[in-house]
Amino acid sequence: MLYQRIITALVLLAVIGGAMLWSPAAFDLIAAVAIGLAMWEWLRLAGWSSVVAGFTGAGVTGGLLALDGSGLALSSTALTVMCALATAVWVLIAAVVVRSRLTGFPVSRAMASGLGVTLLPAAWLAVRHFYDAGGALLMVSVLAIAWIADVAAYFAGRAFGKSKLAPAISPGKTWAGVWGAVIAVVAAALALAHWTPGLDLFSSRLIAAAGAPLALALLALVVLVSVAGDLFESQLKRNAGMKDSSHLLPGHGGVYDRIDALLPVLPACVLLESLFR
(Lines give C-alpha, C1' and ligand atoms only; values in the text may rest on other atoms or scores of the structure.)
Protein backbone atom coordinates (compact mmCIF):
# COMPACT_ATOMS: atom_id res chain seq x y z
CA MET A 1 0.00 0.00 0.00
CA LEU A 2 2.78 2.45 0.92
CA TYR A 3 4.61 1.58 -2.31
CA GLN A 4 1.46 2.29 -4.31
CA ARG A 5 0.90 5.59 -2.52
CA ILE A 6 4.44 6.76 -3.25
CA ILE A 7 4.36 5.76 -6.92
CA THR A 8 0.96 7.38 -7.45
CA ALA A 9 2.06 10.57 -5.67
CA LEU A 10 5.19 10.82 -7.82
CA VAL A 11 3.18 10.35 -11.01
CA LEU A 12 0.67 13.01 -9.94
CA LEU A 13 3.45 15.44 -9.06
CA ALA A 14 5.07 14.84 -12.45
CA VAL A 15 1.80 15.41 -14.33
CA ILE A 16 0.81 18.53 -12.39
CA GLY A 17 4.33 19.94 -12.36
CA GLY A 18 4.73 19.31 -16.07
CA ALA A 19 1.43 21.03 -16.80
CA MET A 20 2.43 24.09 -14.78
CA LEU A 21 5.76 24.30 -16.60
CA TRP A 22 4.11 23.82 -19.99
CA SER A 23 1.53 26.61 -19.85
CA PRO A 24 -1.33 28.07 -17.80
CA ALA A 25 -3.78 26.47 -20.24
CA ALA A 26 -2.29 23.03 -19.60
CA PHE A 27 -2.67 23.49 -15.86
CA ASP A 28 -6.25 24.72 -16.25
CA LEU A 29 -6.96 21.56 -18.30
CA ILE A 30 -5.53 19.26 -15.63
CA ALA A 31 -7.46 21.10 -12.91
CA ALA A 32 -10.72 20.94 -14.89
CA VAL A 33 -10.32 17.21 -15.49
CA ALA A 34 -9.63 16.69 -11.77
CA ILE A 35 -12.79 18.61 -10.87
CA GLY A 36 -14.80 16.57 -13.37
CA LEU A 37 -13.53 13.30 -11.91
CA ALA A 38 -14.21 14.51 -8.38
CA MET A 39 -17.72 15.45 -9.51
CA TRP A 40 -18.27 11.92 -10.81
CA GLU A 41 -17.14 10.52 -7.46
CA TRP A 42 -19.18 13.01 -5.43
CA LEU A 43 -22.41 12.27 -7.31
CA ARG A 44 -21.86 8.53 -6.96
CA LEU A 45 -21.59 9.05 -3.20
CA ALA A 46 -24.80 11.08 -3.42
CA GLY A 47 -26.61 8.06 -4.86
CA TRP A 48 -26.51 8.64 -8.61
CA SER A 49 -25.58 5.87 -11.01
CA SER A 50 -22.02 5.81 -12.27
CA VAL A 51 -23.24 6.61 -15.82
CA VAL A 52 -25.28 9.67 -14.85
CA ALA A 53 -22.53 10.87 -12.54
CA GLY A 54 -19.98 10.33 -15.32
CA PHE A 55 -21.92 12.35 -17.87
CA THR A 56 -22.38 15.14 -15.32
CA GLY A 57 -18.69 15.15 -14.46
CA ALA A 58 -17.76 15.24 -18.15
CA GLY A 59 -20.21 18.09 -18.67
CA VAL A 60 -18.68 20.07 -15.81
CA THR A 61 -15.18 19.54 -17.19
CA GLY A 62 -16.35 20.59 -20.65
CA GLY A 63 -18.10 23.65 -19.31
CA LEU A 64 -15.04 24.78 -17.36
CA LEU A 65 -12.78 24.27 -20.36
CA ALA A 66 -15.24 26.12 -22.60
CA LEU A 67 -15.18 29.02 -20.16
CA ASP A 68 -11.40 28.91 -20.14
CA GLY A 69 -11.15 28.74 -23.94
CA SER A 70 -13.68 31.50 -24.50
CA GLY A 71 -11.37 34.06 -22.96
CA LEU A 72 -14.16 35.18 -20.66
CA ALA A 73 -13.30 35.70 -17.03
CA LEU A 74 -15.26 36.54 -13.94
CA SER A 75 -14.74 40.04 -12.69
CA SER A 76 -12.91 40.40 -9.41
CA THR A 77 -16.18 41.31 -7.72
CA ALA A 78 -18.06 38.32 -9.17
CA LEU A 79 -15.29 35.92 -8.14
CA THR A 80 -15.25 37.37 -4.63
CA VAL A 81 -19.02 37.03 -4.30
CA MET A 82 -18.96 33.44 -5.54
CA CYS A 83 -16.14 32.52 -3.17
CA ALA A 84 -17.86 34.31 -0.29
CA LEU A 85 -21.00 32.26 -0.91
CA ALA A 86 -18.99 29.03 -1.17
CA THR A 87 -17.18 29.87 2.07
CA ALA A 88 -20.49 30.60 3.80
CA VAL A 89 -21.77 27.18 2.70
CA TRP A 90 -18.64 25.49 4.04
CA VAL A 91 -19.04 27.30 7.36
CA LEU A 92 -22.62 26.02 7.56
CA ILE A 93 -21.39 22.51 6.75
CA ALA A 94 -18.79 22.88 9.52
CA ALA A 95 -21.56 23.85 11.96
CA VAL A 96 -23.60 20.77 10.98
CA VAL A 97 -20.52 18.55 11.37
CA VAL A 98 -19.80 19.93 14.85
CA ARG A 99 -23.42 19.54 15.94
CA SER A 100 -23.66 15.98 14.60
CA ARG A 101 -20.17 14.71 15.31
CA LEU A 102 -21.45 12.12 17.82
CA THR A 103 -24.36 10.92 15.71
CA GLY A 104 -23.59 11.63 12.07
CA PHE A 105 -26.13 13.18 9.73
CA PRO A 106 -28.05 12.28 6.58
CA VAL A 107 -27.50 14.18 3.34
CA SER A 108 -30.27 13.92 0.76
CA ARG A 109 -29.44 13.17 -2.85
CA ALA A 110 -30.73 16.59 -3.90
CA MET A 111 -28.71 18.41 -1.25
CA ALA A 112 -25.50 16.51 -1.94
CA SER A 113 -25.91 16.98 -5.70
CA GLY A 114 -26.56 20.71 -5.39
CA LEU A 115 -23.52 21.16 -3.19
CA GLY A 116 -21.34 19.20 -5.59
CA VAL A 117 -22.25 21.12 -8.73
CA THR A 118 -21.62 24.46 -7.01
CA LEU A 119 -18.71 23.91 -4.62
CA LEU A 120 -16.47 21.96 -6.99
CA PRO A 121 -16.52 24.56 -9.83
CA ALA A 122 -16.00 27.31 -7.23
CA ALA A 123 -12.79 25.58 -6.17
CA TRP A 124 -11.63 25.40 -9.80
CA LEU A 125 -12.26 29.10 -10.32
CA ALA A 126 -10.34 29.85 -7.13
CA VAL A 127 -7.29 27.74 -7.98
CA ARG A 128 -7.30 29.12 -11.51
CA HIS A 129 -7.38 32.64 -10.08
CA PHE A 130 -4.34 32.07 -7.88
CA TYR A 131 -2.34 30.37 -10.63
CA ASP A 132 -3.24 32.73 -13.46
CA ALA A 133 -2.95 35.91 -11.39
CA GLY A 134 -0.07 35.06 -9.06
CA GLY A 135 1.81 32.17 -10.60
CA ALA A 136 2.63 28.66 -9.47
CA LEU A 137 4.34 29.67 -6.22
CA LEU A 138 1.36 31.64 -4.92
CA MET A 139 -1.04 28.87 -5.90
CA VAL A 140 1.06 26.16 -4.27
CA SER A 141 1.31 28.27 -1.10
CA VAL A 142 -2.50 28.20 -0.88
CA LEU A 143 -2.69 24.45 -1.51
CA ALA A 144 0.07 23.93 1.06
CA ILE A 145 -2.24 25.14 3.84
CA ALA A 146 -4.32 21.98 3.44
CA TRP A 147 -1.29 19.78 2.80
CA ILE A 148 0.58 20.94 5.91
CA ALA A 149 -2.57 20.64 7.99
CA ASP A 150 -3.21 17.10 6.73
CA VAL A 151 0.33 15.85 7.45
CA ALA A 152 0.46 17.53 10.87
CA ALA A 153 -2.96 16.19 11.82
CA TYR A 154 -1.84 12.66 10.97
CA PHE A 155 1.30 12.76 13.10
CA ALA A 156 -0.24 14.74 15.98
CA GLY A 157 -3.17 12.36 16.05
CA ARG A 158 -0.92 9.31 16.14
CA ALA A 159 1.26 10.79 18.87
CA PHE A 160 -1.30 12.46 21.11
CA GLY A 161 -4.74 11.50 19.85
CA LYS A 162 -7.02 10.20 22.56
CA SER A 163 -10.17 12.30 22.33
CA LYS A 164 -12.12 11.53 19.16
CA LEU A 165 -13.14 14.49 17.01
CA ALA A 166 -16.20 13.04 15.27
CA PRO A 167 -16.49 9.35 16.13
CA ALA A 168 -19.75 8.85 14.25
CA ILE A 169 -18.33 10.40 11.07
CA SER A 170 -14.61 9.58 10.97
CA PRO A 171 -13.47 7.55 13.99
CA GLY A 172 -9.78 7.97 13.20
CA LYS A 173 -9.72 11.75 13.57
CA THR A 174 -8.89 13.31 16.94
CA TRP A 175 -8.88 16.74 18.54
CA ALA A 176 -5.10 16.44 18.89
CA GLY A 177 -4.90 16.13 15.12
CA VAL A 178 -6.95 19.29 14.65
CA TRP A 179 -4.84 21.37 16.99
CA GLY A 180 -1.67 19.88 15.56
CA ALA A 181 -2.82 21.00 12.11
CA VAL A 182 -3.59 24.52 13.32
CA ILE A 183 -0.25 24.87 15.12
CA ALA A 184 1.71 23.55 12.13
CA VAL A 185 0.08 25.94 9.65
CA VAL A 186 0.48 28.95 11.95
CA ALA A 187 4.10 28.04 12.73
CA ALA A 188 4.91 27.53 9.04
CA ALA A 189 3.35 30.89 8.15
CA LEU A 190 5.41 32.69 10.81
CA ALA A 191 8.63 30.92 9.83
CA LEU A 192 8.19 31.58 6.12
CA ALA A 193 7.32 35.24 6.67
CA HIS A 194 10.45 35.64 8.79
CA TRP A 195 12.95 33.56 6.86
CA THR A 196 11.75 34.01 3.26
CA PRO A 197 10.27 37.53 3.12
CA GLY A 198 10.99 37.82 -0.60
CA LEU A 199 8.78 34.91 -1.62
CA ASP A 200 5.28 35.70 -2.85
CA LEU A 201 3.37 33.37 -0.52
CA PHE A 202 -0.28 33.63 0.42
CA SER A 203 0.39 33.50 4.17
CA SER A 204 3.10 36.16 3.91
CA ARG A 205 0.79 38.40 1.90
CA LEU A 206 -1.92 37.98 4.53
CA ILE A 207 0.45 38.74 7.41
CA ALA A 208 1.72 41.86 5.65
CA ALA A 209 -1.79 43.09 4.88
CA ALA A 210 -3.68 42.18 8.06
CA GLY A 211 -0.94 42.04 10.67
CA ALA A 212 0.41 38.86 12.22
CA PRO A 213 -2.17 38.30 15.02
CA LEU A 214 -5.23 38.65 12.80
CA ALA A 215 -3.64 36.84 9.86
CA LEU A 216 -2.67 33.84 11.97
CA ALA A 217 -6.14 33.69 13.53
CA LEU A 218 -7.67 33.71 10.04
CA LEU A 219 -5.31 30.97 8.86
CA ALA A 220 -6.36 28.90 11.88
CA LEU A 221 -10.00 29.34 10.85
CA VAL A 222 -9.14 28.24 7.30
CA VAL A 223 -7.59 25.08 8.72
CA LEU A 224 -10.72 24.38 10.77
CA VAL A 225 -12.92 24.76 7.70
CA SER A 226 -10.60 22.44 5.78
CA VAL A 227 -11.24 19.80 8.45
CA ALA A 228 -14.97 20.24 7.82
CA GLY A 229 -14.38 19.55 4.13
CA ASP A 230 -12.63 16.31 5.01
CA LEU A 231 -15.36 15.27 7.47
CA PHE A 232 -18.15 16.09 5.05
CA GLU A 233 -16.71 13.69 2.51
CA SER A 234 -16.32 11.09 5.25
CA GLN A 235 -20.03 11.45 6.02
CA LEU A 236 -20.96 11.09 2.34
CA LYS A 237 -18.87 7.92 2.12
CA ARG A 238 -20.36 6.55 5.34
CA ASN A 239 -23.89 7.25 4.05
CA ALA A 240 -23.05 5.50 0.77
CA GLY A 241 -21.31 2.57 2.48
CA MET A 242 -18.07 3.25 0.61
CA LYS A 243 -14.52 3.39 1.97
CA ASP A 244 -13.10 5.54 -0.85
CA SER A 245 -14.70 7.87 -3.35
CA SER A 246 -13.27 5.64 -6.12
CA HIS A 247 -10.17 3.61 -6.97
CA LEU A 248 -8.76 5.94 -9.63
CA LEU A 249 -5.59 6.66 -7.64
CA PRO A 250 -3.93 3.44 -6.43
CA GLY A 251 -3.10 3.68 -2.75
CA HIS A 252 -4.97 6.97 -2.37
CA GLY A 253 -8.57 6.20 -3.31
CA GLY A 254 -10.24 8.77 -5.54
CA VAL A 255 -9.60 12.31 -6.70
CA TYR A 256 -12.20 13.63 -4.26
CA ASP A 257 -10.36 11.84 -1.44
CA ARG A 258 -7.28 13.88 -2.29
CA ILE A 259 -8.92 17.29 -2.64
CA ASP A 260 -11.68 17.18 0.00
CA ALA A 261 -9.80 19.52 2.37
CA LEU A 262 -8.80 21.84 -0.47
CA LEU A 263 -12.37 22.55 -1.54
CA PRO A 264 -13.09 24.91 1.40
CA VAL A 265 -9.55 26.32 1.55
CA LEU A 266 -9.46 27.71 -2.00
CA PRO A 267 -12.57 29.95 -1.94
CA ALA A 268 -11.82 31.01 1.65
CA CYS A 269 -8.37 32.22 0.58
CA VAL A 270 -9.83 34.14 -2.38
CA LEU A 271 -12.21 35.83 0.05
CA LEU A 272 -9.39 36.74 2.45
CA GLU A 273 -7.29 38.04 -0.42
CA SER A 274 -10.11 40.33 -1.52
CA LEU A 275 -10.77 41.58 2.01
CA PHE A 276 -7.13 42.49 2.67
CA ARG A 277 -6.04 43.48 -0.83
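Reader: Which residue in β2 is the bridge partner of A166?

Author: In this predicted model, A166 has S170 of β2 as its bridge partner.

Reader: What makes β1 and β2 a pair of strands?

Author: Pairing requires at least two bridges between the strands. β1 and β2, the latter covering residues 170–174, are linked over two bridges, and they therefore count as a pair. The sense of the pairing is antiparallel. The connection from β1 to β2 is a hairpin of three residues.

Reader: Why does S204 count as buried?

Author: S204 has a relative accessibility of 12%. Buried means under 20%, so S204 meets the criterion. S204 belongs to helix α8, which covers residues 202–210. Residues up to four places away in sequence being left out, S204 touches L192, A193 and L199.

Reader: How do you know that S203 is buried?

Author: The relative accessible area of S203 is 11%, which is under 20%, and S203 is therefore called buried. Helix α8 holds S203. Apart from neighbours within four places in sequence, S203 is in contact with A189 and L219.

Reader: Why is S100 called buried?

Author: S100 has a relative accessible area of 7%; this value is under 20%, so the term buried applies. S100 is placed in the loop between α4 and α5. With residues up to four places away in sequence not counted, F105 and I169 are touched by S100. Between the C-alpha atoms of S100 and T118 there are 23 Å, and the two residues are 18 apart along the chain.

Reader: Is S76 buried, exposed or partly exposed, and why?

Author: S76 shows a relative accessible area of 40%. Buried ends under 20% and exposed begins over 50%, so S76 falls in between and is partly exposed. S76 lies in helix α4. From S76 to V11 the C-alpha distance is 34 Å, with their positions 65 residues apart in sequence.

Reader: Why does A95 count as partly exposed?

Author: A95 has 45% relative accessibility, a value between the limits of 20% and 50%, and therefore counts as partly exposed. A95 also has its place in helix α4. A95 and L67 stand 33 Å apart, C-alpha to C-alpha, and 28 residues apart in sequence.

Reader: What makes G211 partly exposed?

Author: The relative accessible area of G211 is 25%; because this is neither under 20% nor over 50%, G211 is partly exposed. G211 is found in the loop between α8 and α9. The C-alpha atoms of G211 and I183 are separated by 18 Å, the residues being 28 apart along the chain.

Reader: How do you know that the span of α7 agrees with the 1.5 Å a residue?

Author: The 21 residues of α7 should span 30 Å at that rate, and the end C-alpha atoms are 30 Å apart, so the two values agree.

Reader: Which residues of α7 are buried, and what do they pack against?

Author: The buried residues of α7 are G177, V178, G180, A181, V182, V185, V186 and A189. They pack against α6 (136–160), β1, β2, α8 and α9.

Reader: How many residues has helix α5, and how far does it reach?

Author: Helix α5 (residues 109–134) has 26 residues, and from its first C-alpha to its last it reaches 37 Å, close to the expected 38 Å. G135 follows α5 and has a positive phi, near 95°.

Reader: What span has helix α2, and what span is expected?

Author: Helix α2 (residues 24–46) has 23 residues; it reaches 32 Å from its first C-alpha to its last, close to the 33 Å expected. G47, just after α2, takes a positive phi of about 115°.

Reader: How much space lies in the second largest pocket, and which residues are the closest to its centre?

Author: The second largest pocket holds about 230 Å³ of space. It is lined by 13 residues, of which V98, L165, W175, L224 and V227 are the closest to its centre.

Reader: Which elements each supply at least two residues of this lining?

Author: They are α4 (76–99), β1 (164–166), α7 (175–195) and α9 (212–240). The largest share, four residues, comes from α9.

Reader: How do the residues of the lining of the second largest pocket divide into nonpolar, polar and charged?

Author: The lining has 12 nonpolar residues, one charged residue and no polar residue.

Note on methods
Residues are numbered from 1 along each chain as its sequence is written. This is a predicted model: local features need pLDDT of at least 70, side-chain atom pairs count only at pLDDT 80 or more; totals for chains, interfaces and linings use all residues. Side-chain values use heavy atoms; hydrogens and water are left out. On a 1 Å grid over the protein atoms alone, a cavity is a set of points where a 1.4 Å probe fits but cannot get out, and a pocket is an open set with protein on both sides within 12 Å along at least five of seven lines; lining residues have an atom within 4 Å of a point. Grid points are joined across faces, edges and corners, and a volume is the space filled by probe spheres set on the points. Ala, Val, Leu, Ile, Met, Phe, Trp, Tyr, Cys and Pro count as nonpolar, Asp, Glu, Lys and Arg as charged, and the others, Gly among them, as polar. The expected span of a helix is 1.5 Å times one less than its number of residues. Buried means under 20% relative accessible area, exposed over 50%, partly exposed in between (1.4 Å probe, protein chains only). Contact means heavy atoms within 4.5 Å.
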